[in-house]
Amino acid sequence: ITVAGGQGQGDGPQQLFGPSGVTIAPDGSFIVVDRRNHRVQHCPASGGEDCVTVAGGHGIGAGAHQFTHPWEVVLSLGA
């Protein structure tokens with residue numbers, strides 16, 4: 001089953017360009033590092049809906065809303 005990036009390479013809400021890391025959120029959804037789009041996507045577990053950019057996505061750089069080729073993601077669920 002495809003849950004993220006099933007619409008070919010690109011920068012749309014159902015596209016990825018160089019995914020490099022993934023983790024599963026407590027609700028079963030996926031957090032995916034989209035390395036070459038310089039963003040982190042939150043993708044529903046159902047796989048049929050759009051992913052949402054939750055970090056980065058404003059081009060390459062060192063600004064507050066930018067990444068330079070992010071590599072992995074870790075969720076911290078501590079109290």
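This report walks through the fold, one strand pairing, one charged pair and the overall shape of the chain.

## How far to trust it

What you have here is a predicted model. Confidence across the chain averages a pLDDT of 89, and 95% of the residues score at least 70. Going by strands, the mean is lowest in S1 (residues 19-24), at 92, and highest in S4 (residues 52-56), at 95.

A word of caution for any weaker spots: where pLDDT is low, the predicted coordinates should not be read in detail.

## The fold in brief

You can skip looking for helices: the chain has zero of them, and four strands. Reading from the N terminus, the order is simply β-β-β-β.

As for how the chain folds back on itself, take the contacts between residues at least 6 apart in sequence: 33% of these join residues at least 24 apart.

## The S1-S2 hairpin

Start with S1 and S2 (residues 30-34), which run antiparallel and are joined by five bridges. One pairing to find on screen is glycine 21, whose bridge partner in S2 is valine 33.

The two strands make a hairpin, with five residues between them. Within that turn sits glycine 28, with a positive phi of about 90°. As a general point, side chains in a regular strand alternate between the two faces of the sheet.

## A buried charged pair

How many salt bridges does a search of the whole structure find? Just one. The side chains of arginine 39 and aspartate 34 meet there, at 2.7 Å from N to O. Side chains of opposite charge can pair when their charged atoms come close.

Are these two residues buried or exposed? Buried means under 20% relative accessible area. Arginine 39 comes in at 6%, so it counts as buried. Aspartate 34 has a relative accessible area of 0%, so it is buried too. Aspartate 34 also falls in S2, which spans residues 30-34, so the salt bridge ties into the hairpin's second strand.

## Shape and surface

For 79 residues, a compact globule would have a radius of gyration near 12 Å; the chain has 12 Å, so the two agree. Along the principal axes, the C-alpha atoms fill a box of roughly 40 × 30 × 15 Å.

Buried residues account for 30% of the 79 in the chain. On the outside, the chain exposes about 4,800 Å², and carbon and sulfur atoms supply 53% of that area.

Note on methods:
Residues numbered from 1 in each chain as written. Predicted model: local features only at pLDDT ≥ 70, side-chain atom pairs only at ≥ 80, totals over all residues. Heavy atoms only, no water. pLDDT = per-residue confidence, 0-100. Pairing = 2+ DSSP bridges. Salt bridge = Lys/Arg side-chain N within 4 Å of Asp/Glu carboxyl O. Buried < 20%, exposed > 50% of the residue type's maximum accessible area, 1.4 Å probe, protein only. Rg over C-alpha atoms; globule rule 2.2 N^0.38 Å. Contact = heavy atoms within 4.5 Å. Areas by Shrake-Rupley, 256 points an atom, 1.4 Å probe, with all protein chains shown as cover.
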